[in-house]
Structure formats: structure tokens, C-alpha cells
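Visitor: I am new to this structure and would like a careful look at one part of it, with enough of the surroundings to keep my bearings.

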Amino acid sequence: MSEAIVDSTLSSSEIPQELGDEKKEDDSWCSLPDELLSLILSRVYFNDYPKFRATCTSWRRVSPPLQLTPHYPKHQSPCLLLHGRHRTIEFFNPMYNITYKTDMSELSHRTVYSFNHGWFLMGSRDGHHVFFLDPFTKVRVEIPNIPSTITFDKICFTSSPTSSDCMVIGFDICLGYLRVGFIKRGEENWTIEAFVSSKLWLRFHLSDSNPILYNGQYYCLDIAGNLGVLTPESVRDSWCIYPQRLPWNLRNTLGQSFIVESNGDILSVYVHCGRDRRVCVYKLDFSKMVWERIEDLGNRTLYISNTTSFSTNSTIGEMGNKIFFPKFNGKDGVFYSLVSKRYHTYGDDVCENPREIKELKEFVWATWVLPEFASFSGDDLKW
């Protein structure tokens, strides 16, 4: 499937005359079948959603009102944010192999730490000024600056910043030394906990991906597959490291490691640094706190990146049992199939040549996003 570029900004000369003529709308744009309108809507993102609804009555009928839509419309697929230094950024839709361009100057010269609950957690380049951004409404929630005496490798948050129980937590874990900082909604200062792990010999070092929150605890993966678990409310007393014994052929060729929650399971995804960049998936056995190899994801699809990783249940059979990385072969997106054990482009071409696989372009700071629409008042935006 060839790539397409969709620009969200149209000049008045580019807008079809029929859209400004109500009588002609009845015979053309407004008379489009609902099935076709739903297909068009599936390719509409962010600030173009209200524009779609404002076109005419029939278009508005197939698109739920935002104030009544607590989550992103179900037909929408996750997209990959390819942010950069310019005002214009790109979103890549893996379902259609489409790159969508839009103006979002709020992301320019900023670092995206994580995305969850419909919000970006972002910061300045120096890592001390952090804030939340709703990419759909452009609304920001400012939070107190991180102390200048510490810089976090990873920063996450527990819930929407408009929720009373929202907490932001930062991690700085290197070898056996652990520093964790957190701040809750309503607080003005960060709390910093710093201590040495009892398993100093383990040399725990955070992996490529952010820690994940599961049942009130954060699960941290290190570059060797070892697992660290902590409870935010009692960091010093709860931090525990579970050493893992991955197969020797994986340990010796391990290139990247990621952790993701999927339908109540905690999965780890490993990418070999060998010529074929082979991918392996493990599931955590909670009774033993060890990783067990799995070969099949069923209808689940994993979206993996350094800042945000998540899982969806695919309603389209061909999308299941796949792992989507922020990688491209030229202009085509790339995914890994657990069925074929190979990388594929979205044109269904197989990447078999080791040189071709090695030359896949990876956007290290790209972020998978699945926006949620929600209404909130001015008081909700006060930290």
C-alpha cells in the first residue's frame, strides 16, 4: 500500500465549492452513504474531528459529540507521533500506511516523556520544566518544576491530570542506585527518595521503555530482562528486584527490551541485535515472578516505543498477532509478525535481507498515541 500525505490545513481555494452551498451539499457531500463517511472519519485525527462534525448534518450524525465521547472513537487506530523541531509534525497511521501532517507548535523543541489517558507528559530540554498537554484541545496543565539537583531517565503518571488521584513519578535507576521522585495533584513540591538497592551486585539498569503501572505498582524492566517492582506510596520499603535467567542466546544478543501491559498480562518484548533483529515475547508468571516465552498473541496487537507502549485487541483479523515498532523501510512503516517471524512493510513486503533489516530507520523518540476525548472545567486544569 503506498504512502499518502494528508495535510490538516486547507486554504479557502482548496475547499470544494459544494461545501459552502447547502443546496449542493444535499446532492453531493451530504448524500454520501454512512459506510463511506465512517471510512473517511477513520482517517480523521485530532483537531480535524470537530471540522468533520461541522461539515453538515449527515457528517455530524456519524461522529459522536466530543462532550459525550469519553474515549477516542472505536474505529480509530493508534498512530505514531513523529515529532521534531518544527511547528509541523507528523502522525503515522499503521492501519492505512498514511502520514498525517498537522500544526502543533506546542510539541516543538519539547521532550515527550510519556503518553497516557489522552495526555502527553512533556518537558523542556533541560528536564526540569514539565507539563501535560491534551493534543486534541491544546489545553495544558502545568505542574511544579522538578528540582534542579536531579534529572530523571523516565517519567510516568498514574491517571489523567484532571483526576484528583493523579501522580507524576520519575525514575533514575543506575546499577544498584535508585532515585525516585513523585508529586501528587494539589502538591507544590516534589518528594525525592534516594537509596541503594540490597541487590547492588545485580547492576540494575533501566531498559529502553518506560516503567508501567499495574495494580498500584510500577514494574520496571532492565536491559538484561531483570524485573524491578515498587509501590509509589512506599518506595523505600517496597522496591524489589527479581533476577531473571533468560536463555543464553538471547542474553548474548539482546539489543532492546520493552515492557507492556496487555489484557491483564505483563509482557516483555526483546529485540535481538543480530543480523535478523529477531523479536521474542515473554509473559510474567506472577506466581513465580519469572518470564515465560510465548509464541502467540492471538488477536492482540502491540505498539512499542521508548516513551509509550500499549496493547489493543484487534477487530481486524490481519492486524492481530503483530508488533508495531517506530521503524520504517523508506517511506513504508514496518511491523514484526509472530506468525512469519519476520519484519514486514505495510505493503506486505517481507524484509528478509539482513542488510535491509539493519538499515531500517528507527525513530527513537517517536510516541504511539491513542487519544481520548473528555470535557473538563477550568478548575480541573489546576494542579
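Which residues have the most contacts inside the largest nonpolar core, and how many residues does this core have?

Guide: Please keep in mind from the start that this is a predicted model. The largest nonpolar core has 20 residues, and those with the most contacts inside it are V269, I323, F325 and Y343. Five strands each supply at least two residues of this core, namely β17 (254-262), β18 (265-272), β19 (279-285), β23 (322-329) and β24 (332-337). Strand β18 gives the most to this core, with three residues.

To see what surrounds one of these residues, take V269 and leave aside its neighbours within four places in sequence: V269 is then in contact with Q256, S257 and F258, with V279, C280 and V281, with L302 and I304, and also with I323 and F325. Apart from this core lies another one, of 18 residues, and among them are L121, V139, I143 and W383.

For the wider setting, the protein chain has seven helices and 28 strands, and 50% of its 383 residues count as buried. Among the contacts in the protein chain with a separation of 6 or more, 49% are between residues 24 or more positions apart. The protein chain exposes about 18100 Å², of which carbon and sulfur atoms supply 49%.

Q256, one of the residues that V269 contacts, deserves a longer look. This residue is found in strand β17, and Q256 counts as buried because its relative accessibility is 16%, where the limit for buried is under 20%. The side chain of Q256 makes a polar contact of 3.1 Å with the side chain of E362. Not counting residues up to four places away in sequence, Q256 touches D208, V269, Y270, V271, K327 and E362. The C-alpha atoms of Q256 and C273 are separated by 7.7 Å, although the two residues stand 17 residues apart along the chain.

D208, which Q256 touches, leads on to K154, a residue found in strand β9 (residues 154-157). K154 is buried yet has no salt bridge, and the nearest side chain of opposite charge, that of D208, is 6.6 Å away. The cut-off for a salt bridge is within 4 Å, so the distance of 6.6 Å between K154 and D208 does not meet it. The backbone oxygen of D208, however, lies 2.6 Å from a polar atom of the side chain of K154. Leaving aside neighbours within four places in sequence, K154 is in contact with I169, G170, F171, L206, S207, D208, S209, N210, P211 and N306.

N210, which K154 contacts, is also touched by S114, and the place of S114 is in strand β5 (residues 111-116). S114 counts as buried because its relative accessibility is 5%. The side chain of S114 reaches the backbone oxygen of I155 at 3.3 Å. Not counting residues up to four places away in sequence, S114 touches W119, F120, L121, I155, C156, F157, N210, T307 and T308, and L121 in this list is also a member of the core of 18 residues.

Charged pairs complete the tour. Side chains of opposite charge can pair when their charged atoms come close. The count comes to five salt bridges in this model. One of them involves strand β18 again: D265 forms a salt bridge with R300, the closest N and O atoms being 3.3 Å apart. This pair links distant parts of the chain, with D265 in strand β18 and R300 in strand β21 (residues 300-303), 35 residues apart. R300 counts as buried because its relative accessibility is 11%.

Elsewhere, the side chains of D172 and R179 meet in a salt bridge with a distance of 2.9 Å from N to O. D172 counts as buried at 15% relative accessibility, whereas R179 is partly exposed, with a relative accessible area of 30%. E142 forms a salt bridge with R140, and here the closest N and O atoms are 2.6 Å apart. E142 counts as partly exposed at 38% relative accessibility, and R140 is partly exposed as well, with a relative accessible area of 31%. Finally, R293, E295 and K341 are linked in a network of salt bridges.

Notes:
Residues numbered from 1 in each chain as written. Predicted model: local features only at pLDDT ≥ 70, side-chain atom pairs only at ≥ 80, totals over all residues. Heavy atoms only, no water. Helix = DSSP H or I, 4+ residues; strand = E, 2+ residues; numbered from the N terminus. Buried < 20%, exposed > 50% of the residue type's maximum accessible area, 1.4 Å probe, protein only. Contact = heavy atoms within 4.5 Å. Areas by Shrake-Rupley, 256 points an atom, 1.4 Å probe, with all protein chains shown as cover. Core = buried A, V, L, I, M, F, W, Y, C linked by side-chain atoms within 4.5 Å. Lys, Arg positive; Asp, Glu negative; His and termini not counted. Polar contact = N/O pair within 3.5 Å; in protein donor to acceptor, adjacent residues only side chain to side chain.
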